[in-house]
Each structure stands twice: as structure tokens, then as C-alpha cells.
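Trainee: Could you take me through one part of this model slowly, and then show me how the rest of the chain is arranged around the same kind of detail? I would like one connected account rather than a list.

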Amino acid sequence: GNSENAFCLAYAKGLEGKVFDLMIGGGAKFFYSKLADNRATGYGGDLGLLAKMQLPGLIKKLALGITLQNLGASLNWDTESKHQDEIPLNVRVGTILSVSALPIDVAFDVEKSGEQSPTYHLGAEYWLIPFAGFRTGWDSGEITAGASLRLLSFVPEMQFDYGFSTDPVSAKGVHRVCVLVGF
């Protein structure tokens, strides 16, 4: 079979300010791909910046962010030619908004990857109870959905995320699983 996997390790640090809070983070990625009898491995990095503001009145929270993904990333194949695939730089700029009257966060972002045209993403997240959240969205014409489970009584705090999106290439869609640890 064919498969593509990415394993990530990331760290972020928050800085509290008078007007807004700033978060900066980075991550390292390890890629593993299999195509028929050939395999490829590679490395890359990510950087991100997020500014969050708490506002009085109608808008409860406003956040703006930017990420640079796949910095210096490539895949090195185990073929005779030792072919190398460059993984294009991905730039994403977005915002999230929470309105006081609704318990829902709404997010929108624009993504530009390599030479491709920009893509647009829209989503909403609702936390039913403090440890169970649900998401739905639109990813350039494809429907997405997901859920989160927080283990609040554990130290360090842990969160499990699951996401699903339809995909024009894969009839079974795309599944994403993530474990977050906060300390």
C-alpha cells in the first residue's frame, strides 16, 4: 500500500501583555512516505505567531495568527537515483472570533502553498462541556468535522483531537489524530 505520515514535536511560549497576549512557537517534523516498494524520509520545521485580545462587549475574543510550515523540508527516496522531493513552503494567515452571545468560536484562514493558488478555510468550534469539544468546517469545498477530549485532572493537561475531512483523491477521506500535552 501507499502511505504518508508526518510526526511532529512542537513547543510554544506565551507572553502576556497589557493589550494582547502573544504566543510564539516552533516545531520539528519527521516525514515518512511509502509508494509501492519505495520509501522516503525527510525533515522540516514550522514557525508560528499568534496574538490574542480579550475585548469587552459583543466580541469576547479576537486572535490573529500566521504560520510558516515545512521550512527546509524535503523527502529523500530510497530509489537508485536517490531522488529528492522538495516540500513547498506553506504560509497560513488567519483569525478566530468569539462572540459573547454564542458559545462558539469561528475561524477563517487563507493558505498559500508553493506555486498553488490560495485556499480558504472556515470553521466553528463548540465546547459542550469543559472537556468535550466539537468542530465542523469547510476546507476549499470539502467538509470537515472533528472532536476533542480534554483530560483536565491529569498533570500535565492532555487533550486528544480527532479530525476528518472529505478528500477528492481518497474515497475514505483524511483522518487526523493529535495528542496535546500542556505544561
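Which residue in β13 does Phe160 stand opposite?

Mentor: Phe160 stands opposite Val179 in β13, and I should say at once that this is a predicted model, so every value below is computed from its atoms. The pairing that holds this position is antiparallel, with nine bridges between β12 and strand β13, which covers residues 174–182. On the other side of the account, β12 (residues 157–165) is joined by eight bridges to strand β11 (residues 142–151), again in an antiparallel arrangement. A hairpin of five residues connects β11 to β12, and within that pairing Arg150 has Gln159 of β12 as its bridge partner. Arg150 also takes part in a contact of another kind, for Arg150 lies over the face of Trp127, at 3.9 Å from the ring centre.

To place Phe160 against the rest of the chain, it helps to choose a reference point elsewhere, and Glu80 serves for that. Glu80 sits in the loop between β5 (74–77) and β6 (84–86), and Glu80 counts as exposed because its relative accessibility is 85%, where the cut-off for that class is over 50%. From Glu80 to Phe160 there are 80 residues in sequence, and the two C-alpha atoms are 40 Å apart in space.

The next stretch to read is the one around β8 (residues 104–113). Strand β7 (residues 90–99) and β8 run antiparallel and are joined by nine bridges, with a hairpin of four residues leading from β7 to β8. Val91 has Lys112 as its bridge partner in β8. β8 also pairs with β9, in the antiparallel sense and over eight bridges, and there Val110 stands opposite Tyr120. The hairpin of β8 and β9 has five residues between the strands, and in this hairpin Gly114 takes a positive phi near 55°.

Within β8, Asp109 repays a closer look. Asp109 counts as buried because its relative accessible area is 16%, and the cut-off for buried is under 20%. Its side chain makes polar contacts with two other side chains, that of Arg92 at 3.4 Å and that of His121 at 2.6 Å. Once residues up to four places away in sequence are set aside, Asp109 touches Arg92, Val93, Gly94, Thr119, Tyr120 and His121.

Now to the rings. By the rule applied here, the chain has three aromatic pairs. In one of them the centres of Phe30 and Tyr43 are 5.5 Å apart and the planes stand at 55°, so this pair is classed as tilted. Because Phe30 belongs to strand β2 (residues 21–35) and Tyr43 to strand β3 (residues 38–54), the pair ties together parts that are 13 residues apart in sequence. The two partners fall into separate exposure classes: Phe30 is partly exposed, because its relative accessibility is 29%, whereas Tyr43, with a relative accessible area of 57%, is exposed. Phe108 and Tyr120 form another aromatic pair, this one stacked, with 6.4 Å from centre to centre and 15° between the planes. This pair links distant parts of the chain, since Phe108 is in strand β8 and Tyr120 in strand β9 (residues 119–129), 12 residues apart. Phe108 counts as partly exposed, because its relative accessibility is 39%, and Tyr120 is likewise partly exposed at 39%. Ring pairs also link Phe7, Phe30 and Tyr43 into a cluster.

Last, consider the nonpolar interior. The largest nonpolar core has six residues, namely Phe31, Ala40, Ala73, Leu75, Trp77 and Ile87. Leu75 shows how one member of that core meets its surroundings: not counting residues up to four places away in sequence, Leu75 touches Phe31, Ser33, Ala40, Thr41, Gly42, His83, Gln84, Asp85 and Ile87.

To return to your starting point, then, Phe160 faces Val179 in β13, in a pairing that runs antiparallel over nine bridges.

Technical notes:
Residues are numbered from 1 along each chain as its sequence is written. This is a predicted model: local features need pLDDT of at least 70, side-chain atom pairs count only at pLDDT 80 or more; totals for chains, interfaces and linings use all residues. Side-chain values use heavy atoms; hydrogens and water are left out. Helices (H or I, at least four residues) and strands (E, at least two) are DSSP runs, numbered from the N terminus. Buried means under 20% relative accessible area, exposed over 50%, partly exposed in between (1.4 Å probe, protein chains only). A polar contact is a pair of N or O atoms within 3.5 Å; within protein, one must be able to donate a hydrogen and the other to accept it, and residues adjacent in sequence count only if both atoms are side-chain atoms. Contact means heavy atoms within 4.5 Å. Rings of Phe, Tyr and Trp (its six-membered ring) pair if their centres lie within 6.5 Å; planes under 30 degrees apart count as stacked, over 60 as edge-to-face and the rest as tilted. A charge sits over a ring if NZ of Lys or CZ of Arg is within 6 Å of the ring centre and within 35 degrees of the ring normal. Two strands pair if DSSP finds at least two bridges between them. A nonpolar core is a set of buried Ala, Val, Leu, Ile, Met, Phe, Trp, Tyr and Cys residues joined through side-chain atoms within 4.5 Å.
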